[in-house]
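Open the model in your viewer and keep the selection tool at hand. This tour suggests what to select at each stop and then says what is there.

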Amino acid sequence: MRNGGPVCGPISTYSRVQLLHLLFEAERAQGRAELTIGELCEATGLHANTVREHLQRLIEGGYVIPTIEHRTVRGRPRTLYRAATGAPGASSPVARDKAKAAARRGDLMRRMLPATASALSTPATYQLDALVEHLEESGFEPVVDDARLTVDLSPCPHAAGRPEDRPMLCQVHLGLMQGVMNEAGGPLVAECVQASADPADCTVQLIDRGQLTDRTGVAHGMA
């Protein structure tokens with residue numbers, strides 16, 4: 001049995017999960033996609049310095065985008081933060097560079113080991129390259145089934161966490177995966193984290209974008 005890796009990456013702490021959850025929620029809310037440090041502090045109860053530190057880590061990882069507020073009145077403009085979903089206006093240059101690097105490494109591996117080549121299209125293959133590297137950086141050991149379009153992440157390294165935190169964690173986890181795949185470009189979408197009675201079981205269902213009908217937003221479905 002594979003062992004869950006160490007918890008790391010963008011969802012390594014509950015505080016980062018909280019911040020990302022708020023930013024994803026803001027992204028889905030009509031008319032407001034960005035939040036300030038003050039708003040994030042008020043919603044989480046975290047100190048401003050703690051929020052800044054977490055946000056800086058998330059920016060460096062390509063998961064959050066900072067912008068400077070445009071003001072028409074006197075006063076120092078604030079820094080606004082939004083989730084990097086890969087959608088127009090919410091694309092991170094860090095995430096784009098990571099996706100390109102993952103594709104280059106994937107191509108090199110496929111040239112060295114032709115048996116690892118996928119039957120999927122090149123854009124879809126590059127999406128999986130980016131997704132797998134993101135998941136490995138986050139402490140998972142992903143096993144991809146190209147035919148079923150599933151990614152097995154069992155045993156989940158977050159299984160020992162509090163059960164009441166799991167819905168938010170899974171939703172944020174899904175949103176991050178969707179953002180990574182959007183940045184890579186291609187037809188695949190992370191549709192949901194399949195529900196399971198065992199918290200150690202974690203399987204992500206992917207779907208071809210053409211099969212999506214009336215779904216909107218960047219994070220739908222949770223364990």
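A charge is said to sit over a ring if NZ of Lys or CZ of Arg is within 6 Å of the ring centre and within 35 degrees of the ring normal. With that in mind, select Y14 together with R162, and you will find that R162 lies over the face of Y14, at 5.8 Å from the ring centre. Please remember throughout that this is a predicted model. If you go on to look for pairs of aromatic rings, a search of the whole structure finds 0 of them.

Now show the whole chain as a cartoon and follow its path. The chain has 6 helices and 6 strands, and along the sequence they come in the pattern α-α-α-β-β-α-α-β-β-α-β-β. Of its 223 residues, 44% count as buried. Switching to a surface view shows an accessible area of about 11,600 Å², of which carbon and sulfur atoms contribute 53%.

Next, select A33, which lies in the loop between α1 (14-28) and α2 (37-44). Is A33 buried or exposed? With a relative accessibility of 18%, A33 counts as buried, because the limit for that word is under 20%. Leaving aside residues up to four places away in sequence, A33 touches A26, E27, Y81 and R82. Add A83 to the selection as well: A33 and A83 are 50 residues apart along the chain, yet their C-alpha atoms are separated by 8.0 Å.

Move on to the salt bridges, of which the count comes to 9. Begin with E69 and R78, whose closest N and O atoms are 2.7 Å apart. In this pair E69 is buried, at 16% relative accessible area, whereas R78 is partly exposed, at 42%.

Then select D107, R110 and D129, which are linked in a network of salt bridges. The side chains of R110 and D107 meet at 3.2 Å, N to O, and both residues lie in helix α4, 3 residues apart, or about one turn of the helix. R110 also forms a salt bridge with D129, where the closest N and O atoms are 2.7 Å apart. This second pair links distant parts of the chain, since R110 is in helix α4 and D129 is in helix α5 (residues 122-137), 19 residues apart. Of the residues in the network, R110 is buried at 15% relative accessible area and D129 is buried at 12%, while D107 is partly exposed at 24%.

Stay with helix α4 (residues 93-112), and select L108, which is found in this helix. Together with M109, M112 and L113, L108 forms a nonpolar patch on the surface, with about 410 Å² of accessible area in total. L108 itself is partly exposed, with a relative accessible area of 43%.

The last stops concern the backbone. Most residues other than glycine have a negative phi, and most peptide bonds are trans. Select L149, in the loop between β3 (143-145) and β4: L149 is not a glycine, but its phi is positive, at about 55°. The same residue is buried, with a relative accessible area of 16%. Finally, select S154 and P155, and look at the peptide bond from S154 to P155, which is cis, with omega near -5°. P155 is found in the loop between β4 (150-152) and α6 (166-184).

Notes
Residues are numbered from 1 along each chain as its sequence is written. This is a predicted model: local features need pLDDT of at least 70, side-chain atom pairs count only at pLDDT 80 or more; totals for chains, interfaces and linings use all residues. Side-chain values use heavy atoms; hydrogens and water are left out. Rings of Phe, Tyr and Trp (its six-membered ring) pair if their centres lie within 6.5 Å; planes under 30 degrees apart count as stacked, over 60 as edge-to-face and the rest as tilted. Patches are made of residues with over 30% relative accessible area and no salt bridge: like charges are joined within 9 Å, nonpolar side chains (Val, Leu, Ile, Met, Phe, Trp, Tyr) within 5 Å. Accessible areas come from the Shrake-Rupley method with a 1.4 Å probe; for residues, only the protein chains shown count as cover. A salt bridge is a side-chain nitrogen of Lys or Arg within 4 Å of a carboxyl oxygen of Asp or Glu. Helices (H or I, at least four residues) and strands (E, at least two) are DSSP runs, numbered from the N terminus. Buried means under 20% relative accessible area, exposed over 50%, partly exposed in between (1.4 Å probe, protein chains only). Contact means heavy atoms within 4.5 Å.
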